[in-house]
Amino acid sequence: MESDTITAIATPHGVGAIAIVRVSGQKALDIASKMTKRDKNSFTPRYAYLMNIYDSKNRVIDKGIVIYFKAPYSFTGEDIVEFQIHGGIAVSKLVLNTALHYGARLARAGEFSKRAFLNGKVDLTEAEAITSIIEAKSEEAVYQLSKQLNGELKTLVSEIRDRLVHVLAHSEVVIDYAEEDLPEDIERDIYNQLQDISKSLSNLLESSKRRNRIFEGFKIAIVGRPNVGKSSLLNAILNDERAIVTDIAGTTRDRVEEYINIGTHLVKIVDTAGIRKSSDIVEQIGIDRSIEAIEEADIVVALFDGSEELQKDDLTLIEILKRYTSSKDILLVLNKRDRDRKLLFPETISHLPTIQISSKFREIAPLLEKLEEILNSLNTSSDGGIVLSSIRQVDEVEKTIEAIQSAFEPLKSGELELFSFYINEAINHITSISRPYQYSEMLDKMFSSFCLGK
Ligand SMILES: Nc1nc2c(ncn2[C@@H]2O[C@H](COP(=O)(O)OP(=O)(O)OP(=O)(O)O)[C@@H](O)[C@H]2O)c(=O)[nH]1
Ligand SMILES: [Mg+2]
């Protein structure tokens, strides 16, 4: 149990309407009393007091809101005092320094959250959700992480743990009493239960991998023959002159990638080299990369120059696209709509959605609307359940599944001690997702990546 009192500025460094200085630990109330000249027994927990805040030489620093959270009903589970002051850099520093003067010490990065964990206020999944939610790059990611913050992953993990413990208890009773092997019906029952657990973990893993796009960003590839305006489109979407645009075919030689938000989603947009049959080795590599980009993409924006008739290289692209029509969202986008339309699509792909835009003149609203619609459907079509949000969680679930798989052989051959060993392993790994008590080093590492004051 940590007993010293820590403090930090909880709001970002800079100027804003308000800043918050937090103090957590046994001396928190004492410090608040000294800094406000108010009797420490007169603070009602969770009341917001508007008060003058004084430095150690009794000069008024600021007038602000002071709230006392009495242990254990606080974020850290300790006494906490929050000073909500005006959001200036110097003001916050003065309040912080005064708290330090009265006996608090500067908190290390993530120390508030670490205390919350150690005092049982949050488990690791909830603590991880706190950092991740701060770093989330899309609104969808926030919704997902808030489920984790509310303990949904914690509950899931503890249910699976309980089931494994049940299986273990079951088999150990038999080890203690049976002279021979496990009776066949019990063996089958244990086997089925483990299969079931293993299956739900695999599903969790699968849907997490499928849905990691929420955190990583959905991928959109812009492909097309040279000069149709792929780079112009990227620039239009980003509203920036990111990629080089010229009227020379083959301008983009390597892929260009950028992140952007469309609606509530994070997306990574990839501009590729033009697809054309060529003996030029650099261009051939460019084409291979375009194909790679299509393979990786969730949505393919196949771009055509609508003001020209269909060309051989357009047909090359159409041939490539046909391979993916059933597995990916493909949009046929006709660029240069500021000119007269000459292009007609062959029958074979005329069922795909077609959109007309002008990248050069930044008339791309219909495309953005369509992209948002697809992104919304990609997000809801994957089940709305909980997902694993960190590599650590994925790693532990994989190891749990591995341990369960390893237990099947000894279960069949009647080596029950070995069976117990593997089930214990599985229990340890699944438990680690929310409470890895044994790994204090890992804890330090994890919490030190938190931001200061968190
Ligand atoms: N009229 C018109 N011209 C456009 C439009 N979009 C792009 N262009 C022009 O088309 C030419 C090629 O544009 P880019 O964006 O470089 O084409 P690209 O597809 O990236 O070409 P590569 O990188 O060579 O494969 C440039 O001269 C653009 O100004 C448009 O909507 N209308
Ligand atoms: Mg280009």
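The side chain of T272 reaches over to the backbone oxygen of I222, at 2.7 Å. Keep in mind that this is a predicted model. To find T272, look in the loop between strand 9 (265-271) and helix 10 (281-296). Is T272 buried or exposed? With a relative accessible area of 1%, T272 is buried, because the cut-off for that word is under 20%.

What does T272 touch, once its neighbours within four places in sequence are set aside? The list is I222, V223, K230, T252, S290 and A293. So I222 turns up twice for T272: in this contact list, and as the owner of that backbone oxygen.

**Strand 9 and its partners**

Just before that loop comes strand 9, and seven of its seven residues are buried. You can check this face by face. On one side sit H265, V267, I269 and D271, and on the other L266, K268 and V270, and all of them are buried.

Which way do the partners of strand 9 run? Strand 7 runs parallel to strand 9, joined by five bridges. In that pairing, I220 stands opposite I269 of strand 9. Strand 8 (residues 256-262) is antiparallel to strand 9, with seven bridges between them. Here I262 stands opposite H265 of strand 9. Strands 8 and 9 also make a hairpin with two residues between them, and G263 in that turn has a positive phi of about 60°.

Here are three strand pairs put next to each other, including one from another part of the chain:

| Strand pair | Direction | Bridges | One facing pair |
|---|---|---|---|
| Strand 7 and strand 9 | parallel | five | I220 and I269 |
| Strand 8 and strand 9 | antiparallel | seven | I262 and H265 |
| Strand 1 and strand 2 | antiparallel | four | T7 and V23 |

**A sheet of six strands**

The last row of the table takes you to strand 1 (residues 6-9) and strand 2 (residues 16-24), an antiparallel pair with four bridges. T7 has V23 of strand 2 as its bridge partner. These strands belong to an open sheet of six, with mixed pairing and the order 3-4-5-2-1-6. Which strands stand at the edges? They are strand 3 (48-54) and strand 6 (105-106); each has a single partner strand, so one side of each has no neighbour in the sheet.

**Two helices to look at**

Helix 3 (residues 111-118) is mostly covered, with seven of its eight residues buried. The buried ones are E111, F112, S113, K114, R115, A116 and F117. After helix 3 comes G120, with a positive phi near 75°.

Further along, helix 6 (residues 152-177) holds L153. How accessible is L153? Its relative accessibility is 0%, so L153 counts as buried. Not counting residues up to four places away in sequence, L153 touches T125, Q148, I386, L388, Q393 and I433. For a sense of distance, try I244: L153 and I244 are 91 residues apart along the chain, and their C-alpha atoms are separated by 45 Å.

**Empty spaces**

Now for the gaps in the protein. How many cavities of 30 Å³ or more are there? The count comes to two. The second largest cavity has a volume of about 40 Å³, and its lining is made of K219, I220, A221, R255, V270, A293, E296 and A297. Strand 7 (218-223) and helix 10 are the elements that give two or more residues to this lining, and strand 7 gives the most, with three. By class, the lining splits into five nonpolar, no polar and three charged residues.

You've met some of these residues before. A293 lines this cavity and is also in contact with T272. I220 lines it too, and stands opposite I269 of strand 9.

There are pockets as well. The second largest pocket has a volume of about 430 Å³. Of its 27 lining residues, N227, G229, S232, T246 and K336 are the closest to its centre. Which element gives the largest share of this lining? That is helix 9 (residues 230-238), with three residues. The classes here are seven nonpolar, 13 polar and seven charged residues.

Note on methods
Residues numbered from 1 in each chain as written. Chains lettered and ligands numbered in written order. Predicted model: local features only at pLDDT ≥ 70, side-chain atom pairs only at ≥ 80, totals over all residues. Heavy atoms only, no water. 1 Å grid on protein atoms, 1.4 Å probe; cavity = no way out; pocket = protein on both sides within 12 Å on 5 of 7 lines; lining within 4 Å. Points joined across faces, edges and corners; volume = space filled by probe spheres on them. Nonpolar A, V, L, I, M, F, W, Y, C, P; charged D, E, K, R; others polar. Buried < 20%, exposed > 50% of the residue type's maximum accessible area, 1.4 Å probe, protein only. Polar contact = N/O pair within 3.5 Å; in protein donor to acceptor, adjacent residues only side chain to side chain. Contact = heavy atoms within 4.5 Å. Pairing = 2+ DSSP bridges.
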